[in-house]
Amino acid sequence: MLSASTDVLIVGAGPTGLTLAIALRQAGIGHLLVDRLPEGQNTSRAAVVHAHTLEALEPLGVADTLVARGLRLERFALRDRDRPLMQLRFDGLPSAHRYILMIPQDETERVLAARLAALGGTVHRGITAAAVEQEADGARVTLATPDGERTVRARYVVGGDGMKSLVREAAGIAFDGAAFEGAFVLADVRMDWPLGRSEVSLYFAPDGMLVVAPLPNGSFRIVAEVADAPAEPGLADVQALIDARGPATGAAQVQSVVWSSRFHLHHRIARSYRSGRLLLIGDAAHVHSPAGGQGMNTGIVDAVTLAGMLAEVVRGERPDAWLDGYGALRRPAAEQVIALSSRLTALATTRGPARQAMRNAFLSILGTLPLARRRIEMNLSGLARRDAARLAA
Ligand SMILES: Cc1cc2nc3c(=O)[nH]c(=O)nc-3n(C[C@H](O)[C@H](O)[C@H](O)COP(=O)(O)OP(=O)(O)OC[C@H]3O[C@@H](n4cnc5c(N)ncnc54)[C@H](O)[C@@H]3O)c2cc1C
């Protein structure tokens, strides 16, 4: 049963909406979490959880479960076919989580949903936010439910409703950026892989990058940027990508495709993370290339940061203007992530033998400089953005 009013209405129960709901529940803040889907999505999508995200999730009581279900990797290698260009290591990170955690997004969402349920929280499913109207001290949201239309008044509405966010649209917030040319192939495959199961490999190739990363269930995640691809890439498509961009020895043999998808991407960031009583988290606020596996991670940290600030404002410990600090903290983090994934994509897709040779030489030299390597490791793990997130705590 939906209440007619609440302190915080969260639209969207993806990883970011679930995270926000857990944190608000723990803080004792009244909220409603709605999602138009009748059940959680069961596709693996984002497959990496980074150290900073795990740190942010620790107080929510989910980090240990994620770590127990995931696969810990300590190495991330940049490669040009058989030539290693740079080896990054996470076992020296200044964190309790000195690794990249590989875990499919549907598993992450199951862990988050189970934690919310254990705290007595609920995801109201099959309920679509159809309209959002701002008022002086809150917002009125029209919900389409299986029992007809309902109106809920909320002091704050948070859009965790993904790239095509209704909340962002209702707030009149521009989503600056552009669509990516081309597409990405994503596939979870079973295969013989000559490099084993201990590193994430990012291959640079003239036609686009290729990422190969082991997953906890014995399969591998493949991500490749392509000009065009079928909607559900098959075994031959994935094998061709690995043959053209992966190890030149041809030792990689795909046995089967567990799940595959093709998706088109955008590089976009919301011009503001807040308009009055409407706030944005996750893909509603920023989207970018999956290079470096940052999308979901950045969104989860948005949610944890916003939860702390909202709790203080709803309890009356801080003025409403305190929430302006949320965008001030988190928007620069998304800008950094977009810059990082754009740089990786640009490096990966350098064309022409002369430019590729220059790139390879540059990366090989950079790879010998411990400080430069550490900077990249801190960026990828999200720990470089940790201090800003702490300011809000
Ligand atoms: C095919 C694919 C592959 C990806 N691969 C990667 C990857 O390799 N690495 C990576 O980091 N990221 C990847 N991503 C991105 C990652 O999945 C997102 O960053 C992450 O899901 C964002 O979480 P979110 O909670 O912000 O939004 P979402 O996961 O999009 O969740 C939004 C939720 O809001 C609900 N909703 C939307 N509108 C309404 C409404 N009006 N009313 C009610 N509910 C609504 C939706 O049903 C959905 O459940 C991928 C995404 C896709 C689609």
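**Reading a predicted model, residue by residue**

Me: Arg81 lies in the loop between strand 5 (75-80) and strand 6 (83-89). What is the phi value of Arg81 near?

Reply: Keep in mind that this is a predicted model. Phi of Arg81 is near 50°, a positive value, and the residue is not a glycine.

Me: Is Arg81 buried or partly exposed?

Reply: For that, look at relative accessible area: under 20% is buried, over 50% is exposed, and partly exposed is in between. Arg81 has 27%, so we call this residue partly exposed.

Me: OK, let me try Ala187. Where does Ala187 lie, and is it buried or exposed?

Reply: You'll find Ala187 in strand 13 (residues 183-192). Its relative accessibility is 0%, so Ala187 counts as buried.

Me: Which residues does Ala187 touch, leaving out those up to four places away in sequence?

Reply: Here you look for partners from elsewhere in the chain. Ala187 touches Phe220, Arg221, Ile222, Val238, Trp259 and Ser260. You can also check distances between C-alpha atoms: Ala187 and Gly234 are 47 residues apart along the chain, and their C-alpha atoms are separated by 8.7 Å.

Me: Next up, the ligand. How many residues surround the ligand, and which are the closest?

Reply: Start with the shell of residues around it. There are 28 of them, and the closest are Thr16, Asp35, Gln105, Ala129 and Asp283. By type, the shell has 10 nonpolar, 12 polar and six charged residues.

Me: Which helices and strands each supply at least two residues of that shell?

Reply: Two helices and two strands do: helix 1 (15-27), helix 7 (295-314), strand 9 (128-135) and strand 17 (253-263).

Me: Which atoms lie 2.8 Å from an oxygen atom of the ligand?

Reply: Check whether the protein atom belongs to a side chain or the backbone. Gln105 has a polar side-chain atom 2.8 Å from a ligand oxygen, and Asp283 has one at 2.8 Å too. With Met296 it's a backbone N or O atom, 3.4 Å from an oxygen atom of the ligand. As for cover, the ligand has 990 Å² of accessible area on its own, and the protein covers 86% of that.

Me: How many salt bridges does a search of the whole structure find?

Reply: It finds 24. To read one, ask who the partners are and where they sit. Asp7 pairs with Arg155, with the closest N and O atoms 3.5 Å apart. Asp7 is in strand 1 (residues 5-11) and Arg155 in strand 11 (residues 148-159), so this pair ties together parts that are 148 residues apart in sequence. Asp7 is partly exposed at 24%, and Arg155 is partly exposed at 32%.

Me: What about Arg274 and Asp320? Where do they sit?

Reply: Their side chains meet in a salt bridge, 2.8 Å from N to O. Arg274 is in strand 19 (residues 274-275) and Asp320 in the loop between helix 7 and helix 8 (324-348), so to speak distant parts of the chain, 46 residues apart. Arg274 counts as buried at 14%, whereas Asp320 is partly exposed at 29%.

Me: Which residues do salt bridges with shared partners join into one network?

Reply: Glu135, Asp137, Arg140 and Arg153. Take one pair from it: Arg140 bridges to Glu135, with the closest N and O atoms 2.9 Å apart. Arg140 is partly exposed at 32%, and Glu135 is partly exposed at 26%.

Notes. Residues are numbered from 1 along each chain as its sequence is written. This is a predicted model: local features need pLDDT of at least 70, side-chain atom pairs count only at pLDDT 80 or more; totals for chains, interfaces and linings use all residues. Side-chain values use heavy atoms; hydrogens and water are left out. A residue is near a molecule or strand if one of its heavy atoms lies within 4 Å of it. A polar contact is a pair of N or O atoms within 3.5 Å; within protein, one must be able to donate a hydrogen and the other to accept it, and residues adjacent in sequence count only if both atoms are side-chain atoms. Accessible areas come from the Shrake-Rupley method with a 1.4 Å probe; for residues, only the protein chains shown count as cover. Helices (H or I, at least four residues) and strands (E, at least two) are DSSP runs, numbered from the N terminus. Ala, Val, Leu, Ile, Met, Phe, Trp, Tyr, Cys and Pro count as nonpolar, Asp, Glu, Lys and Arg as charged, and the others, Gly among them, as polar. Buried means under 20% relative accessible area, exposed over 50%, partly exposed in between (1.4 Å probe, protein chains only). Contact means heavy atoms within 4.5 Å. A salt bridge is a side-chain nitrogen of Lys or Arg within 4 Å of a carboxyl oxygen of Asp or Glu.
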